[in-house]
Amino acid sequence: MGCSVEDVTAAVRAAAEVVREYRDELVELDREIGDGDHGENLHRGFTAVLAKLDGGGFDGPASVLKVTATTLISTVGGAAGPLYGTAFLRAATALGDASEVDGQLAANALAAALEGVVARGKAAPGDKTMVDALTPAVTAAQSTVDSGVRAVLLAAADAAEEGAASTVPLVARKGRASYLGERSAGHLDPGARSTAVLLRALAEAARR
Amino acid sequence: MRVGLVIVSHSAALAAGVAELAAQMAPDVRIMPAGGTADGGLGTDFDGVSAALERADSGAGVVLLYDLGSAQMTAELAVESLTTPIRAIVADAPLVEGAVAAAVCAQGGADLDAVGSAAAMAHAFVQGEAFDEMELDRHVYGEGDGLLERAVVLRNELGLHARPAALTARAVAELDAEVSIRCGDQEVDAHSVLALMGLGARGGDELLVRAVGREARHAIDTLAELLESGFGE
């Protein structure tokens, strides 16, 4: 048995709420190597997502992710808008018209999200971006598909946290931080960090 | 029906300024600024870009130009998310030069791909590369091919700066002729506003206008008259 539309809504709501908690940390990380707006932008976007989720009227898990995507795209304003928007949009497409999300579908959705982020931002692993968190997350998810959604997302979140931590010594090759060149080394990438935070919240909220 | 432009920028003022500048050289082209976030801050507004895209289209398609990182992503996403059958391309080009080159090209009635290329070619001009030199070789085009030349003297003090260069490119845009302008030892395509500006031709300079093709005579006469008119300056 997988996650229903209500479960998915609750998980996305939990992810949206956790952004508020991490807003200041993300602002601080982005101030070090970016323009300091990542926490603020994500907070604005996910606050709008919460309002949309309150409206309800979703006919399946995919429609929850699709509304999340279009809301983020319209409200975030920085690079995170198109990137997370594309991630949620591709994930929605991967879910199709399924009424429940199982481990395999969850892993497929993550893989589709990664593919979308790479296509949109043209970053590769090692560029010090959210791709460094999402790539190991997809690999971990794909190796746990038979254990249910919660196990898949927990494995993905663990791997994403490790992946995010691995960005510290890297020199940024994409995004605003790449303007800093060598000086970007020694800092945690805010995009990789927010990806790990979101995946952790989704995993904790998944009940099955 | 001309190709339209959308100027995607993090700043409303920057988008409006670029659109204003390009519009001066291309009065009949729809150039829509889409800058800043919906609440007036710095950033890119997906809905604003999508709306500008719809408004810029008159049926011939739209070229989008952008300033920095996320503006490119927002522009690409807007094109992918189109629900109406508008043909649109996101041009990888320096914003100001690309917008000017694309606008002048669109004003001349060029199709979507040509306008996109005009914008993309602006890279080379910004980097000081290839002036798109276009020597109309006497050995290739003999008298029999109708290679025409006429020497003219630039009358306005500032010479071929942006506005006169745009007027020059527009004057030959719809003519069936290859046209070049030589200044000193440089010869460039008269259809390219950036190449013309790159000549650095000043008032009093003697230019050689050269043309070949069915409407070469018309092209030569038109340009000679225009260049010697002083562009109303």
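This is a short talk about where two chains meet and about a cavity in the structure.

Okay, hi everyone. One thing up front: what you're looking at is a predicted model.

Let's start with the contact between the chains. Chain A brings twelve residues to it, and chain B brings 14 residues. Together they bury about 1100 Å², with carbon and sulfur atoms giving 54% of that. If you want three residues to click on, try A:Ile73, A:Gly77 and A:Arg120: they supply 46% of the area that chain A buries against chain B, more than any other three residues.

So what holds hands across the interface? By the rule used here, there are two salt bridges between chain A and chain B. One of them pairs A:Lys122 with B:Glu76, and their closest N and O atoms sit 3.2 Å apart. On chain A's side of the contact, helix 3 (61-75), helix 4 (80-95) and helix 5 (103-121) each put in at least two residues. Helix 4 of chain A has the largest share, with three residues. By class, that side is five nonpolar, five polar and two charged residues.

Now, the cavity. How many are there of 30 Å³ or more? The count comes to one, and its volume is about 460 Å³. It's lined by 26 residues, and the closest to its centre are A:Leu65, A:Phe88, A:Leu110, A:Leu153 and A:Leu202. Helices 1, 4, 5, 7 and 8 of chain A each supply at least two lining residues. And what is the lining like by class? It divides into 24 nonpolar residues, one polar and one charged.

That's it from me, thanks!

Definitions and conventions. Residues numbered from 1 in each chain as written. Chains lettered and ligands numbered in written order. Predicted model: local features only at pLDDT ≥ 70, side-chain atom pairs only at ≥ 80, totals over all residues. Heavy atoms only, no water. Contact = heavy atoms within 4.5 Å. Buried area = accessible area lost by both parts, 1.4 Å probe. Salt bridge = Lys/Arg side-chain N within 4 Å of Asp/Glu carboxyl O. Helix = DSSP H or I, 4+ residues; strand = E, 2+ residues; numbered from the N terminus. Nonpolar A, V, L, I, M, F, W, Y, C, P; charged D, E, K, R; others polar. 1 Å grid on protein atoms, 1.4 Å probe; cavity = no way out; pocket = protein on both sides within 12 Å on 5 of 7 lines; lining within 4 Å. Points joined across faces, edges and corners; volume = space filled by probe spheres on them.
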